[in-house]
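You asked for a quick read of this one before you dig in yourself. Here are my notes, written for someone opening the structure cold.

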Amino acid sequence: MRVFVAGGSGAMGRRLVPQLVARGHQVTATTTSAAKLDMLRQLGAEAVVMDGLDAASVGEAVAAARPDALVHQMTALSFAHAGKPDFRRPERFGAATIRLRTEGTDHLLAAAEAAGVSHVVAQSLAIWPAHPERGPVTEEEPLAPEELPASFRVMAEPLLRLEDVVVKAGGAALRYGGFYGPGGGIEDQIELVRKRRMPIIGGGTGYFSWIHLDDAARATVLAVEQQVTGVFNIVDDEPARVSEWLPHLAACVGAKRPLRIPKWLARLAAGEMGVALMTEGRPYANAKAKRELGWELQYPTWREGFKDEV
């Protein structure tokens with residue numbers, strides 16, 4: 001197949017492109033930086049510069065590639081694009097990514113339709129900081145933004161919109177768990193853990209659903225090849241509370257056990273969104289992806305994966 005990867009130079013794209021190439025697909029991968037073109041070529045892709053927020057740029061790049069499938073991995077969450085994460089002002093830190101998930105998605109879908117692309121796969125997230133007592137989130141459960149902290153809705157509503165428009169267009173939205181693996185961003189968390197600057201907030205009762213980048217890329221390849229439709233949770237087998245995974249990560253890197261701070265104090269530094277993620281996150285279930293994609297994980301749990309990563 002000819003596969004167009006929008007956002008090929010990001011953390012996910014850099015793991016996805018080689019897997020697609022290894023499976024015999026012809027890949028065109030985009031970046032916003034001309035300095036990254038050689039890197040994409042070394043991964044085996046035809047590399048192009050594209051501005052995901054410019055409809056003409058997107059349309060020209062997709063038309064020239066003549067793809068059979070299109071993969072939307074465009075974000076702007078790296079330090080280079082967004083600066084240091086600021087959970088107190090997510091509307092500022094995530095502004096470019098919000099636009100890529102709304103305007104950028106619309107541009108890609110319009111370009112796909114114009115070019116006769118038969119299938120689109122797009123990146124979503126497995127994060128829902130509300131009502132962890134309800135148990136794992138499945139793909140069939142309708143998620144209501146109004147139950148979220150107001151600070152998180154600005155990020156959640158574009159994701160739910162992305163899922164809706166992509167599925168209605170006959171594509172698939174993949175809700176990835178927290179990335180780790182080469183280039184996955186956990187390096188920054190490890191540094192904070194070593195300095196004891198990543199505390200357990202409250203009881204650390206929020207769940208995180210993790211996924212190694214290579215496992216996430218493998219699921220994405222399967223979604224492309226099988227041309228599946230719908231929403232899929234791409235997470236490992238063991239959602240974990242912060243009170244479990246954060247001390248484990250500290251032990252893996254030889255750091256002291258994380259500090260604990262009360263929620264009221266954490267709100268001053270991390271804001272309502274940061275507190276909600278650490279205390280109210282819900283787990284996600286991966287049964288549908290394993291069943292319908294035939295997906296097998298190299299790292300079934302973060303316990304083994306963290307050890308290998310560090």
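The points below go through salt bridges, a pair of helices, one helix in more detail and a surface patch.

1. Before anything else, keep in mind that this is a predicted model. Everything that follows is computed from that prediction.

2. Let's begin with the charged pairs. How many salt bridges does a search of the whole structure find? The count comes to 17. I picked out a few that are worth a look on screen.

3. Start with Arg 2 and Asp 68, whose side chains form a salt bridge at 3.8 Å, N to O. This pair connects distant parts of the chain, 66 residues apart. Arg 2 belongs to strand β1, which covers residues 2–6, while Asp 68 sits in the loop between α3 (55–65) and β4 (69–72). Both ends are partly exposed: Arg 2 has a relative accessible area of 27%, and Asp 68 is also listed at 27%.

4. Next, have a look at Glu 141 and Arg 282, which meet through their side chains in a salt bridge of 2.8 Å, N to O. Glu 141 is in the loop between β5 (119–125) and α7 (150–168), and Arg 282 is in the loop between α11 and α12 (287–293), so this contact ties together parts that lie 141 residues apart in sequence. Is Arg 282 buried or exposed? Arg 282 is buried, because its relative accessible area is 2% and the cut-off for buried is under 20%. Glu 141, in contrast, is partly exposed at 23%.

5. Then there's Arg 303 with Glu 244, a side-chain salt bridge of 3.5 Å, N to O. Here the link runs between two helices: Arg 303 is in α13 (residues 302–309) and Glu 244 is in α10 (residues 242–252), with their positions 59 residues apart in the chain. Arg 303 is partly exposed at 29%, and Glu 244 is partly exposed at 34%. Which residues belong to the network that includes this pair? Salt bridges with shared partners join Glu 238, Glu 244 and Arg 303.

6. While you're at α10, check which of its residues are buried: Val 242, Trp 245, Leu 246, Pro 247, His 248, Leu 249 and Ala 250. Just past the end of this helix, Gly 254 has a positive phi of about 75 degrees.

7. Now for the helix pair. The axes of α1 (residues 11–22) and α9 (residues 213–226) come within 9 Å and cross at roughly 55 degrees. That angle falls outside the parallel, antiparallel and perpendicular ranges, so the two helices count as oblique to each other. The crossing of α1 and α9 is right-handed.

8. Staying with α1, find Met 12, which is part of that helix. Met 12 is buried, with a relative accessible area of 3%. Its C-alpha atom is 7.1 Å from that of Gln 73, although the two residues are 61 apart along the chain.

9. Last, turn to the outside. Trp 264, Leu 265 and Leu 268 make up a nonpolar patch on the surface, and together they have about 350 Å² of accessible area. Leu 265 is located in helix α11, residues 263–280. How exposed is Leu 265? With 36% relative accessibility, Leu 265 counts as partly exposed.

Notes: Residues numbered from 1 in each chain as written. Predicted model: local features only at pLDDT ≥ 70, side-chain atom pairs only at ≥ 80, totals over all residues. Heavy atoms only, no water. Patch = residues over 30% accessible without salt bridge, like charges linked within 9 Å, V, L, I, M, F, W, Y side chains within 5 Å. Areas by Shrake-Rupley, 256 points an atom, 1.4 Å probe, with all protein chains shown as cover. Salt bridge = Lys/Arg side-chain N within 4 Å of Asp/Glu carboxyl O. Helix = DSSP H or I, 4+ residues; strand = E, 2+ residues; numbered from the N terminus. Buried < 20%, exposed > 50% of the residue type's maximum accessible area, 1.4 Å probe, protein only. Axes fitted to C-alpha atoms, helices over the stretch in contact; angles between N-to-C directions. Parallel < 35°, antiparallel > 145°, perpendicular 65-115°, else oblique. Left-handed = near helix turned anticlockwise from the far one by under 90°.
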